[in-house]
Amino acid sequence: MASILILNGPNLNLLGTRQPEIYGRETLDDIEALCRAHAGTLGLGLDFAQSNHEGALIDAIHAARGRHDGIVLNAGAYTHTSIALMDAISSAQVPTVELHLSNIHARESFRHRSHIARVALGVICGFGAQGYVLAIDALHGHLERRG
Ligand code: DQA
């Protein structure tokens, strides 16, 4: 059974109460339940994690090597700043979909740049919690085509 990691970065533990007008009212637990239900219908194994710490996210990406077939990464603000996370993705060579709840391109200009996008399979943003489902579908399609 193919397995994927859904990895969430800083401040995403506060979803539900954090700027709901931007990020929606779903909590991270709600999103985890959504992801688990969807992965189940596709026959995918799923691990779900969150950390506020850049190094812990890097460790999780390294640990995904040989354990998971793909990653959905919402790196939060580290998306815009972290060359170390970008390097972790290129080093681990686990196909990674970049995901954001909000449409980062419709927001402040500092959110328009993504270091992750350079090394991601693709980017999904602006669809709220449903974006996680879209990202799982995108990764699943990629893994199926790759065989
Ligand atoms: C985010 C967008 C980032 O710019 C922001 O720093 C976040 C959340 C999103 O999911 O929309 O923390 O990644």
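The questions and answers below cover the ligand site, salt bridges and cysteines of a predicted model.

In this predicted model, local features need pLDDT of at least 70, side-chain atom pairs count only at pLDDT 80 or more, and totals for chains, interfaces and linings use all residues. Residues are numbered from 1 along each chain as its sequence is written, and side-chain values use heavy atoms, with hydrogens and water left out.

Student: Which residues surround the ligand?
Tutor: A residue is near the ligand if one of its heavy atoms lies within 4 Å of it. By that rule the shell is R18, Y23, N74, G76, A77, H80, H100, L101, S102, I104 and R111.

Student: How do the residues of the shell around the ligand divide into nonpolar, polar and charged?
Tutor: Ala, Val, Leu, Ile, Met, Phe, Trp, Tyr, Cys and Pro count as nonpolar. Asp, Glu, Lys and Arg count as charged, and the others, Gly among them, as polar. The division is 4 nonpolar, 5 polar and 2 charged.

Student: How far is a polar side-chain atom of S102 from an oxygen atom of the ligand?
Tutor: A polar contact is a pair of N or O atoms within 3.5 Å; within protein, one must be able to donate a hydrogen and the other to accept it, and residues adjacent in sequence count only if both atoms are side-chain atoms. H100 places a polar side-chain atom 2.8 Å from a ligand oxygen. For R111, a side-chain N or O atom is 2.9 Å from an oxygen of the ligand. For S102 the distance is 2.6 Å.

Student: How much of the accessible area that the ligand has on its own does the protein cover?
Tutor: Areas come from the Shrake-Rupley method with a 1.4 Å probe; for residues, only the protein chains shown count as cover. On its own the ligand has 320 Å² of accessible area. The protein covers 99%.

Student: Is I104 buried or exposed?
Tutor: I104 is part of the ligand's surroundings. It lies in the loop between strand 4 (96-100) and strand 5 (122-125); strands (E, at least two residues) and helices (H or I, at least four) are DSSP runs, numbered from the N terminus. Buried means under 20% relative accessible area, exposed over 50%, partly exposed in between (1.4 Å probe, protein chains only). At 3% relative accessibility, I104 is buried.

Student: How many salt bridges does a search of the whole structure find?
Tutor: A salt bridge is a side-chain nitrogen of Lys or Arg within 4 Å of a carboxyl oxygen of Asp or Glu. R36 and E32 form one, at 3.0 Å from N to O. The whole structure holds 3.

Student: What separates R36 and E32 in helix 2?
Tutor: R36 is partly exposed at 40% relative accessibility, and E32 is partly exposed at 22%. They sit 4 residues apart in helix 2 (residues 28-42), so the separation is about one helical turn.

Student: Which residues are linked in a network of salt bridges?
Tutor: E108 pairs with R107 at 3.8 Å and with R111 at 2.7 Å. E108 is partly exposed at 35%, whereas R107 is buried at 17% and R111 is buried at 16%. The network links R107, E108 and R111.

Student: How many disulfides does the count come to?
Tutor: A disulfide is a pair of cysteine sulfur atoms within 2.5 Å. The count comes to 0.

Student: Why is C125 without a bond to the closest cysteine sulfur?
Tutor: C35 is buried at 0% relative accessibility, and C125 is buried at 17%. The closest sulfur to that of C125 is in C35, and it is too far for a bond because the distance is 17 Å.
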